[in-house]
Amino acid sequence: MYQDPFSRCHPAVNFCFFLAVIGFGVVVQHPAYAAASLTCGCVYYLLLRGRQGLSFLFGLTGIMLAITLLNPLLNTSGRHILFRLLGRPYTLEALCYGGILAVIFALTFVWFGCYSQVLTSDKFTALFGNLIPAISLLLVMVLRQIPAFTRKAKQISLARGAIGKGTGENQPFRQRLQSGVGILSALTDWALEGSIVTADSMRCRGYGCARRTNFSLYRMTGRDVLLLACIGGLSLVVMLAGGMEASYTPNLYISYISYGFAAYCLLLLIPPVMYLRERILWNRFKFET
Amino acid sequence: MKQSPWLNILFLFVLIPATLFLGRSIPGRWYYLTSTLVIVEIMVPFFVSFERRRPEARELVIVGVMAALAAASRVAFAVMPYLKVITGIIMITGIAFGPQAGFLTGAIAAFASNFFFGQGPWTPWQMFAYGFAGFWAGLVFHGHPSWRKPWVLGLFGFFSILLLVGPMLDSCTVFTVLPKLSLANVLLIYGQGVPVNTIHGLGCGLTLLVLTKPLLQKLSRIQRKYGILEDRQ
């Protein structure tokens, strides 16, 4: 499976990046910052998901429009009244504020979408496995068991159907409920007995005797350290530079952007730029040989 | 096993007020990030005390199985998609194994199932709300087997969801979507949540009504057969 270069970095790099980007994205209300974050997020999301990502982004556009238009109905302060709806003023400032809220809403969703693609569960446990060994083991087990139980539940319901105990949409409520309880109770018995076998087998193999090891191995390389330093440094610059203030209601006020904005854009562009760099190098090698 | 209460005290009385105090200085919608941080800080002591206990493999596995069952239970009731069973199963785990196991089961079930349905700003809130459901049910019923009458449990489930767990889930919307925290807006969001919470509560109450007896029997059988998750002194 192809992974983009940012996903191949150490999980700590991925985690810190998303922490910084989502943290800034949620707090900063300056339109330029929010727009930059949303744009970079969408670009990276499309790079990760390809054409499949488009439908998600289109879906978001609808929600964004709804948030923008609905906000002036909730929030009526502002000086420039566009028109009155049922006696309540519908103001320009509130409309702008709704727009920025919609952008922030969308950028959280897009960046969380990227997060789900990049920081998969095995990376999460690799990162936190030695800090919270018991809980990350629990998480690994649950992540394996959810699909396994789902499969088993389907098997049980098929088997019940084969002996004439199946359920359909047209049956009365009571019968459907009983069938659900039956499936769940069979599943529980199977799962609990299985869990004891798992636990005993874990103990026999020396669970808890030594440090946890991980399925995927990640090593901190020089590139990872450099990236971590970049993320930390750029975040610090963004925070110190200021120029992120903006308020919307009752008066529209947007401060001038400073050099912090450039740092913010650089921070956001790390994954797309890494992707592009790899593509360019690859194409150059292809043509040279 | 003895546990020092200092960590919990540090979190509850020092870190959370500090977060609230410092969080207010964030310009704009300060409550967005601050509320999420506070929720995470409330959960940390639970996880830390579980880690400190060095749980045995059998305890871990049982909690894991219950969390996975809760998350996978929607398949069993696929013909009734509006019936939400997950909170009911988490509550039953809390009743059987106590508040701490209930909290863990709920929080892990929410976190793990979000790996399938997508993580988002709602993840900490769901973890907390579901964990609280298990904790709360365990707190009330764990030490009192005689209270576990089906209709009591059903009513308990319904009202717990409607009045406590549902509003906790709605709080995520309040803090992340609202442009301004005003009483009217907040009440609007909670008011909109009432129908959803009623359905959720009915599902949970119904689950507790029907499932508690068979599930508790199975769990206590396992518990007695293998001697797990008993209170270790």
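Contact here means heavy atoms within 4.5 Å. On that footing, 61 residues of chain A and 61 residues of chain B take part in the contact between the two chains. Please keep in mind as you read that this is a predicted model. The briefing below starts with the interface, moves on to the salt bridges and the aromatic rings, and ends with one buried serine.

**The interface between chain A and chain B**

- Putting the two chains together buries about 5,400 Å², and carbon and sulfur atoms account for 78% of that area.
- Five residue pairs are in polar contact between chain B and chain A, with both residues of each pair at pLDDT 80 or more.
- On the chain B side, the elements that give two or more residues to the contact are α2 (30-52), α3 (57-76), α5 (99-117) and α8 (183-226).
- Of the elements on this side, α3(B) gives the most, with 16 residues.
- Sorted by class, the side of chain B that touches chain A has 45 nonpolar residues, along with eight polar and eight charged ones.

**Salt bridges across the interface**

- Side chains of opposite charge can pair when their charged atoms come close.
- Two salt bridges are found across the interface of chain B and chain A.
- One of them brings together the side chains of A:Asp189 and B:Lys218, at 3.1 Å from N to O.
- A:Asp189 sits in helix α7 (residues 173-204) of chain A and B:Lys218 in helix α8 of chain B, so this pair joins two chains.
- The partners sit in unlike surroundings: A:Asp189 is partly exposed at 34% relative accessible area, whereas B:Lys218 counts as buried at 13%.
- A:Glu193 and B:Arg221 also form a salt bridge, and their closest N and O atoms are 3.1 Å apart.
- This pair too crosses between chains, running from helix α7 of chain A, where A:Glu193 lies, to helix α8 of chain B, where B:Arg221 lies.
- A:Glu193 is partly exposed, with 28% relative accessibility, and B:Arg221 is partly exposed as well, with 39%.

**A salt bridge within chain A**

- Over all chains, the structure holds three salt bridges.
- One of these links A:Arg8 to A:Glu278, whose closest N and O atoms are 2.6 Å apart.
- A:Arg8 lies in the segment before α1 of chain A and A:Glu278 in helix α10 (residues 270-288) of chain A, so the pair ties together parts that are 270 residues apart in sequence.
- A:Arg8 is partly exposed, at 37% relative accessible area, and A:Glu278 is partly exposed, at 24%.

**Aromatic rings**

- A pair of aromatic rings is described by the distance of the centres and the angle of the planes.
- Searching the whole structure turns up 30 aromatic pairs over all chains.
- How do the rings of A:Phe24 and A:Tyr264 pair? Their planes stand at 85 degrees, with the centres 5.8 Å apart, so the pair is edge-to-face; the cut-off for that label is over 60 degrees.
- A:Phe24 belongs to helix α1 (residues 11-27) of chain A and A:Tyr264 to helix α9 (residues 259-268) of chain A, so their pairing ties together parts that are 240 residues apart in sequence.
- A:Phe24 counts as buried at 11% relative accessibility, and A:Tyr264 is buried with a relative accessible area of 1%.
- The rings of A:Phe83 and A:Tyr90 have their planes at 15 degrees and their centres 4.6 Å apart, so this pair is stacked.
- A:Phe83 is partly exposed at 40% relative accessible area, while A:Tyr90 counts as buried at 9%.
- Ring pairs also link a cluster made up of A:Phe6, A:Phe17, A:Phe18, A:Tyr44, A:Trp111, A:Phe112 and A:Tyr115.

**A buried serine in chain A**

- A:Ser136 is part of helix α6 (residues 133-162) of chain A.
- Is A:Ser136 buried or exposed? Its relative accessibility is 1%, so A:Ser136 counts as buried.
- A polar atom of the A:Ser136 side chain lies 3.3 Å from the backbone oxygen of A:Pro133.
- With its neighbours within four places in sequence left aside, A:Ser136 is in contact with A:Thr125, A:Phe128, A:Gly129 and A:Arg212.

Note on methods
Residues numbered from 1 in each chain as written. Chains lettered and ligands numbered in written order. Predicted model: local features only at pLDDT ≥ 70, side-chain atom pairs only at ≥ 80, totals over all residues. Heavy atoms only, no water. Buried area = accessible area lost by both parts, 1.4 Å probe. Salt bridge = Lys/Arg side-chain N within 4 Å of Asp/Glu carboxyl O. Polar contact = N/O pair within 3.5 Å; in protein donor to acceptor, adjacent residues only side chain to side chain. Helix = DSSP H or I, 4+ residues; strand = E, 2+ residues; numbered from the N terminus. Nonpolar A, V, L, I, M, F, W, Y, C, P; charged D, E, K, R; others polar. Phe/Tyr/Trp six-rings, centres within 6.5 Å; stacked < 30°, edge-to-face > 60°. Buried < 20%, exposed > 50% of the residue type's maximum accessible area, 1.4 Å probe, protein only.
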